[in-house]
Amino acid sequence: MQYKIECHLDLKENNNMAGIVNYIKESFGELKNNVTWPTWAEAQSLTVLVAVFSIIFSLAIWGVDTVFSKVIAAYFQWING
């Protein structure tokens with residue numbers, strides 16, 4: 001009886017593995033046949049756009065961080081006299 005349970009578990013593992021393989025195959029098929037990919041020029045221009053906004057956003061965060069650190073330093077200097 002224990003042997004049948006082990007055999008059943010092995011079959012279940014094989015079914016799960018087959019399901020995973022089938023999912024991966026279907027996903028690649030979906031990406032290949034049903035997705036509208038941007039052209040190379042669109043991909044390049046969107047990459048540049050993301051890079052520019054990332055730089056602008058990082059500079060904005062750096063500026064806010066610098067201002068806050070100076071305000072906090074001035075506050076503690078004022079408290080300590």
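Here is a quick tour of this protein, from its overall build down to a few aromatic rings. Keep in mind that you're looking at a predicted model. The fold is simple to list: two helices and zero strands. Of the 81 residues in the protein, 0% are buried.

**Overall surface**

- The protein exposes about 8000 Å², and carbon and sulfur atoms supply 69% of that area.
- With buried residues at 0%, let's look at what sits on the outside.

**Helix α1 and the nonpolar patch**

- Helix α1 covers residues 2-33, and Tyr-23 is found in it.
- Tyr-23 has a relative accessible area of 58%, so it counts as exposed, because the cut-off for that label is over 50%.
- Tyr-23 also belongs to a nonpolar surface patch, together with Met-17, Ile-20, Val-21, Ile-24, Phe-28, Leu-31, Val-35 and Trp-37.
- Taken together, the residues of this patch have about 950 Å² of accessible area.

**Helix α2**

- Helix α2 runs through residues 40-80, which gives it 41 residues.
- From first C-alpha to last, helix α2 reaches 59 Å, close to the 60 Å expected at 1.5 Å a residue.
- Just past the end of α2 comes Gly-81, which takes a positive phi of about 80°.

**What the UniProt record says**

- An unreviewed UniProt entry lists residues 43-64 as "transmembrane region".
- In the model, residues 43-64 are 100% helix and 0% strand, and the C-alpha atoms at the two ends of the span lie 32 Å apart.

**Aromatic rings**

- Searching the whole structure turns up two aromatic pairs.
- One of them joins Tyr-75 and Phe-76: their ring centres are 5.6 Å apart and their planes meet at 65°, so this pair is edge-to-face.
- The Tyr-75 and Trp-78 pair is tilted, with 6.3 Å centre to centre and 40° between the planes.
- Tyr-75 and Trp-78 both sit in helix α2, three residues apart, or about one turn of the helix.
- Put the ring pairs together and you get a cluster of Tyr-75, Phe-76 and Trp-78.

**How open are those rings to the outside?**

- Tyr-75 has 44% relative accessibility, so it counts as partly exposed.
- Phe-76 gets the label partly exposed too, with a relative accessible area of 47%.
- Trp-78 comes in at 67% relative accessibility, so it counts as exposed.

Notes:
Residues are numbered from 1 along each chain as its sequence is written. This is a predicted model: local features need pLDDT of at least 70, side-chain atom pairs count only at pLDDT 80 or more; totals for chains, interfaces and linings use all residues. Side-chain values use heavy atoms; hydrogens and water are left out. Patches are made of residues with over 30% relative accessible area and no salt bridge: like charges are joined within 9 Å, nonpolar side chains (Val, Leu, Ile, Met, Phe, Trp, Tyr) within 5 Å. Accessible areas come from the Shrake-Rupley method with a 1.4 Å probe; for residues, only the protein chains shown count as cover. A salt bridge is a side-chain nitrogen of Lys or Arg within 4 Å of a carboxyl oxygen of Asp or Glu. Helices (H or I, at least four residues) and strands (E, at least two) are DSSP runs, numbered from the N terminus. Buried means under 20% relative accessible area, exposed over 50%, partly exposed in between (1.4 Å probe, protein chains only). The expected span of a helix is 1.5 Å times one less than its number of residues. UniProt positions are given in the numbering used here, feature names are shortened, and annotations may be inferred rather than shown by experiment. Rings of Phe, Tyr and Trp (its six-membered ring) pair if their centres lie within 6.5 Å; planes under 30 degrees apart count as stacked, over 60 as edge-to-face and the rest as tilted.
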